[in-house]
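User: I want to learn how to read a ligand site and a salt bridge. Can you take me through both?

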Amino acid sequence: MESTTDIKQRLQKVREHIEKAARDCRRDPATVQLVAVSKTMPAERVKAAIEAGATVLGENYIQEAREKFDQLAALPAAWHFIGHLQTNKAKYAVRIFDLIHSVDSFKLARELDKQAAKVGKIQEILVQVNVSAEATKSGIAEQEALALASDIAALEHVALKGLMTMPPFFDDPQRARPYFRALRQISGRIQQAGLPTVSMDHLSMGMTGDFEAAIQEGATLVRIGTAIFGPRR
Ligand SMILES: *Cc1c(COP(=O)(O)O)cnc(C)c1O
């Protein structure tokens with residue numbers, strides 16, 4: 001059983017690497033937020049991470065997140081959803097998550113809007129873009145991102161705050177860089193369109209293996225699991 005101390009040490013190390021990566025490209029480290037990806041980790045480990053200073057948790061599965069949230073909701077952390085979200089789970093998602101990174105269809109955005117209206121909330125979301133166009137990956141095609149953003153702009157109870165992507169896995173993180181750069185360019189085009197209620201404040205990109213490259217390409221949210229919690233079973 002791992003202690004809070006182990007998680008604290010790893011969290012500290014990840015923070016140092018984030019800060020170094022930011023400074024190396026003359027960015028203010030405060031502009032890069034760490035999302036501690038706690039999927040598959042039991043509630044005690046997640047609690048330990050919060051006690052060790054994690055302020056944002058990333059979860060992939062609604063049922064799992066609901067169980068943990070029930071136990072840990074009183075603790076000072078924001079919860080982000082980063083997995084594939086089915087429309088019929090939108091009602092649970094709006095109750096738990098401050099930010100949903102993975103909206104990839106208007107159908108889902110519309111359902112989130114409806115459910116957010118019911119609980120009197122404006123749900124912040126990101127659009128997930130499948131920059132690599134891999135058939136196995138979720139996310140909307142690059143060419144459709146602007147149209148989706150423009151449809152979302154008309155919804156009253158969701159607020160689009162940026163984009164998210166997951167590049168293919170490479171042993172060499174430098175190879176992920178063109179995908180990160182492409183996401184930044186798509187974000188720039190959406191920003192230029194000047195859509196009402198839409199802001200492109202966030203680029204959610206970079207994981208344990210490639211967050212330094214993502215920060216160099218403009219990431220504002222890095223989603224890191226393994227480097228904080230150790231390998232998943
Ligand atoms: C699991 C996961 C991560 C974290 O991956 P690590 O390699 O463990 O840092 C980040 N983003 C998404 C969407 C994930 O599913």
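Analyst: We start with the ligand site and then turn to charged pairs. Keep in mind that this is a predicted model.

User: Which residues surround the ligand?

Analyst: The shell consists of Val37, Lys39, Asn60, Ile82, Met166, Met207, Thr208, Arg223, Ile224, Gly225, Thr226 and Arg232. By class, five of the shell residues are nonpolar, four polar and three charged.

User: Where does the ligand sit?

Analyst: It occupies the largest pocket.

User: Which polar atoms lie close to oxygen atoms of the ligand?

Analyst: Look for N or O pairs within 3.5 Å. The side chain of Thr208 has an N or O atom 2.5 Å from a ligand oxygen. For Lys39, a polar side-chain atom is 2.6 Å from an oxygen of the ligand. Gly225 uses its backbone: a polar atom there is 2.9 Å from a ligand oxygen. On its own the ligand has 390 Å² of accessible area, and the protein covers 91% of that.

User: Now the salt bridges. How many are there?

Analyst: Side chains of opposite charge can pair when their charged atoms come close. With a cut-off of 4 Å between nitrogen and carboxyl oxygen, the count is 10 salt bridges. One of them joins Lys47 and Glu51, with the closest N and O atoms 3.3 Å apart.

User: Why are Lys47 and Glu51 about one helical turn apart?

Analyst: Because they are four residues apart in helix H2, which spans residues 43–51.

Technical notes: Residues numbered from 1 in each chain as written. Predicted model: local features only at pLDDT ≥ 70, side-chain atom pairs only at ≥ 80, totals over all residues. Heavy atoms only, no water. Near = heavy atom within 4 Å. Polar contact = N/O pair within 3.5 Å; in protein donor to acceptor, adjacent residues only side chain to side chain. Areas by Shrake-Rupley, 256 points an atom, 1.4 Å probe, with all protein chains shown as cover. 1 Å grid on protein atoms, 1.4 Å probe; cavity = no way out; pocket = protein on both sides within 12 Å on 5 of 7 lines; lining within 4 Å. Sits in = over half its atoms within 2 Å of the grid points. Nonpolar A, V, L, I, M, F, W, Y, C, P; charged D, E, K, R; others polar. Salt bridge = Lys/Arg side-chain N within 4 Å of Asp/Glu carboxyl O. Helix = DSSP H or I, 4+ residues; strand = E, 2+ residues; numbered from the N terminus.
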